[in-house]
Amino acid sequence: MKLKISLKHIATPTKIFMTVLIVLLAVLMLQGIIIQTERMFSRTKQFSAPAKDKEELTEEEKRIDRIRSSSKEFLPDGTIHLVHKPRRTPGRMDEPEIEQIYDANDNLLWKGTSDKRPYEYLSWANQLRRYGFTREQMKQMQMITPGFSRFIEIPIGSDDKTVQIWRYHPGAQYFKGYDINGEKIGYIGSTGFTNSKSKAKPFGKFRFFTAWCPQNSSNPILLWQTQRRIYQINFERQNVEMIFESTDSDIEIEKTSLHAWRDLKPGAEGSSDSKKYRPLLLCVTEDGKHHLILREPERQFSLAVPRSSATATKQGIFVHCSGSDALPPKGIANSRELYDKWLQERWGKPRNFWVELYKVDNQGGLELLNRYDWTLPPQSESVVRARDLRLAVQRYVSQFSPPLYDLIFHLLGVRFWSSAYYYQHRGDFFLDLIRTILDFRPYGGVINRVLSALMMGFAFLHGWPRRTSWAGFVFWLVFVGMFNLAGLLTYLALNNTAVIRCPACGKPRGLARVDCVRCRAELPAPERGKLDLIFST
Amino acid sequence: MRFSKLLRKELRECLPWMLLAAIVFFAFGGFFLRAEAYFESDRHYSRLSPGTAVDYYWLTYYSILNVTGPWLFFLSIGLGLVLGVRQFWIPNFTRTWPFLLHRSVSRKTILAAKLTATMIAFVISLGPVWVGLYWYASRPEVFAVPQTLRVFIEGWIFIMLGLVAYLGTALSALSTANWYTTKIFGLLLATVIIVTTLSQWTLAGIFTSIAVSVAILLVQIFDTFLRREF
């Protein structure tokens, strides 16, 4: 009996928790379905909005469209060219790809196929993210799918046979090596190779890696980025070199880029002319500093230029930056209200873009070599209308979300939510779920509060004749108020008992309580029947 | 004594399903693992050519035991569902609850016997086969690189997920609500937990979610079983 009573005190909260969790997920799914359905239709509308054919454009519009779609390239002396590739005739894949090169004053300089281009432009460092393995991918790899989790293994071969395998241990943050007979070789950590586990030092929190095979080997070299360091690991030579260390702030994962760093064969994807360019690594720390690490000879600079890329020829070091007033200011994505306000202010205004080329001197100072500006007209009305409809549907659907989401949003803070936004669509189940919740939070909407109040009113009317205790009654009213639709459904699922008319006062009363909540009359005893004779003996 | 008799009765009822799960897992898991051992020499290698960027896809590997993973996972979930239905749903349909409950033992003992029998069924049907396959895969003469301890633990996590499926089924079977209302919430919670578990990468997170879900389901099962009219 004691177990029954104590169980009841635990079982009721767990039942409420389970029910509200499932109902919340169901409501979230329903909201998602509505939003996605609407987006599907609004996208169709957006695409079907009448767009002008190329033939209908005026000469000025054609010029602006060409400037927009041209890539802006720099010569080593700072001259800028606009390289435009007109579209091929649809269905004519046999047509050669023609490019037109214009100068900054819009004069056509050259026209022909790209392989015969008479100019050699500067090539720039590419972001590693395009061909690397990120922290999110590491997390995905560790997820236990029905085929178990995966791990990173670096095979080291000799004479077309694998002779060693180095396996990364995410918990210990180092590599452990085995030979082909299953014997342990040793460990590779931040301090290099060691054959003792106690001497192996962890690399630190993993952020990113990329790998390549140098021209004289088929064994991979890894560029391994952690929270504050970048290492180059050569497994064949069992050697670890620390390339960069940031003492003040973390390295941004997205923005590390390389140029001519990897010893790739000419013509291979991502290769650069090693006779013309110096190996360069560009990384950005969270304090906004850009760090240039150079080889041949070794140099390191710290620069403060936003949205930039870099390159280093044998003659000089160049930095290329781009910008626009059509991009949202930094940090605005954290606040939907600010973003919406900024978007409204931006609509209907022309959009200004620019690119700049700087030369870096020996002290890391920047000298502006050239700048090119262009202006695009405001975005078309059809796009504006489609987006407005999407936002409106989302706003109304969000009104059925629990006001509790707003509270959680404020409690967790901007940093947490911006991280949830930042890692969207990268397979992180929990961050995706949190981001979805963030998308559906009611933003303190008046309709949401009114709906909550209406649902509380309904729960009040429903619960009044059925109440068994004041505490329980008040709890459920507050619960419905906090969880909105999900709260009401949970309340109904767990409290919907039968109601009869009280024989004493004639008003409705629940059957979960022996006396009437209004007149305190007890439930009437059943009338005596024939069977009562049996029970009375 | 009464408990052990009840336990034996429950185990007798579980036995065919335990044996079936163990035999299927041993036969198919063992066959595919043996086949994988045969092709082991092709596993890593020499897809990398000098002077080229390496796609990380070529550097990430599943454990050799991954061929047995889906068998263990689905058999465990299947065993959980079957045992849940056998122990809690069938007596509803055949109206045999009163025959079990009228014995001179408490309901608590009856329920404890059912739960213990299920746990034993899971451990002795899938557990030894999994340990055996892991041991086989870890022998250096079969696969040069030893299997990680994490894979071994993940196998046991699959077995625990079967237990979660069993508890969800049991709670749904015991619930007196209509099937279209909260009756299926036990099964839904089990599904949510299984999906959540398969979306996590830290063992601590996985064990926490399993422990919390087992606690939630167990408390409700005990409460419902001790209170409801049969």
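Just over the halfway mark is where burial lands in chain B: of its 230 residues, 53% are buried. Keep in mind that this is a predicted model, so every number here is computed from predicted coordinates. The surface that chain B does expose comes to about 10,400 Å², with carbon and sulfur atoms supplying 70% of it.

What is chain B built from? It has nine helices and two strands. Walk along the sequence and you meet a helix, then the two strands, then a run of helices to the end: α-β-β-α-α-α-α-α-α-α-α. Its C-alpha atoms fill a box of roughly 75 × 35 × 25 Å along the principal axes. Among contacts in chain B with a separation of 6 or more, 81% link residues 24 or more positions apart.

Now look at the charges. Chain B carries 19 positive and 10 negative ones, and the mean positions of the two groups sit 17 Å apart. Side chains of opposite charge can pair when their charged atoms come close. In chain B, Lys9(B) and Glu10(B) do just that, forming a salt bridge at 3.1 Å from N to O. Both partners are buried: Lys9(B) has a relative accessible area of 16%, and Glu10(B) is at 0%. The pair also belongs to a network, in which salt bridges with shared partners join Lys9(B), Glu10(B), Glu13(B), Arg86(B) and Lys114(B).

Next, the partner chain. How many residues of chain A touch chain B? The answer is 62, and they are in contact with 58 residues of chain B. Together the two chains bury about 5,300 Å², 71% of it on carbon and sulfur atoms. Salt bridges are another matter: the rule finds zero of them across this interface, although the structure holds 26 over all chains.

Two of the bridges within chain A are worth a look. In one, Arg68(A) pairs with Asp65(A), with the closest N and O atoms 2.8 Å apart. Both residues lie in helix α2 (residues 59-69), three residues apart, or about one turn of the helix. Arg68(A) is partly exposed, at 46% relative accessible area.

In the other, Asp250(A) meets Arg228(A), and the closest N and O atoms are 2.9 Å apart. Here Asp250(A) sits in the loop between β15 (239-245) and β16 (257-259), while Arg228(A) sits in the loop between β13 (221-226) and β14 (229-234), so the pair ties together parts 22 residues apart in sequence. Asp250(A) counts as buried at 17% relative accessibility, whereas Arg228(A), at 32%, counts as partly exposed.

Note on methods:
Residues are numbered from 1 along each chain as its sequence is written. Chains are lettered from A and ligands numbered from 1 in the order in which they are written. This is a predicted model: local features need pLDDT of at least 70, side-chain atom pairs count only at pLDDT 80 or more; totals for chains, interfaces and linings use all residues. Side-chain values use heavy atoms; hydrogens and water are left out. Helices (H or I, at least four residues) and strands (E, at least two) are DSSP runs, numbered from the N terminus. Buried means under 20% relative accessible area, exposed over 50%, partly exposed in between (1.4 Å probe, protein chains only). Contact means heavy atoms within 4.5 Å. Accessible areas come from the Shrake-Rupley method with a 1.4 Å probe; for residues, only the protein chains shown count as cover. Lys and Arg count as positive and Asp and Glu as negative; His and the chain ends are not counted. The place of a charge is taken as NZ of Lys, CZ of Arg, CG of Asp or CD of Glu. Buried area is the accessible area (1.4 Å probe) that two parts lose on being put together, summed over both. A salt bridge is a side-chain nitrogen of Lys or Arg within 4 Å of a carboxyl oxygen of Asp or Glu.
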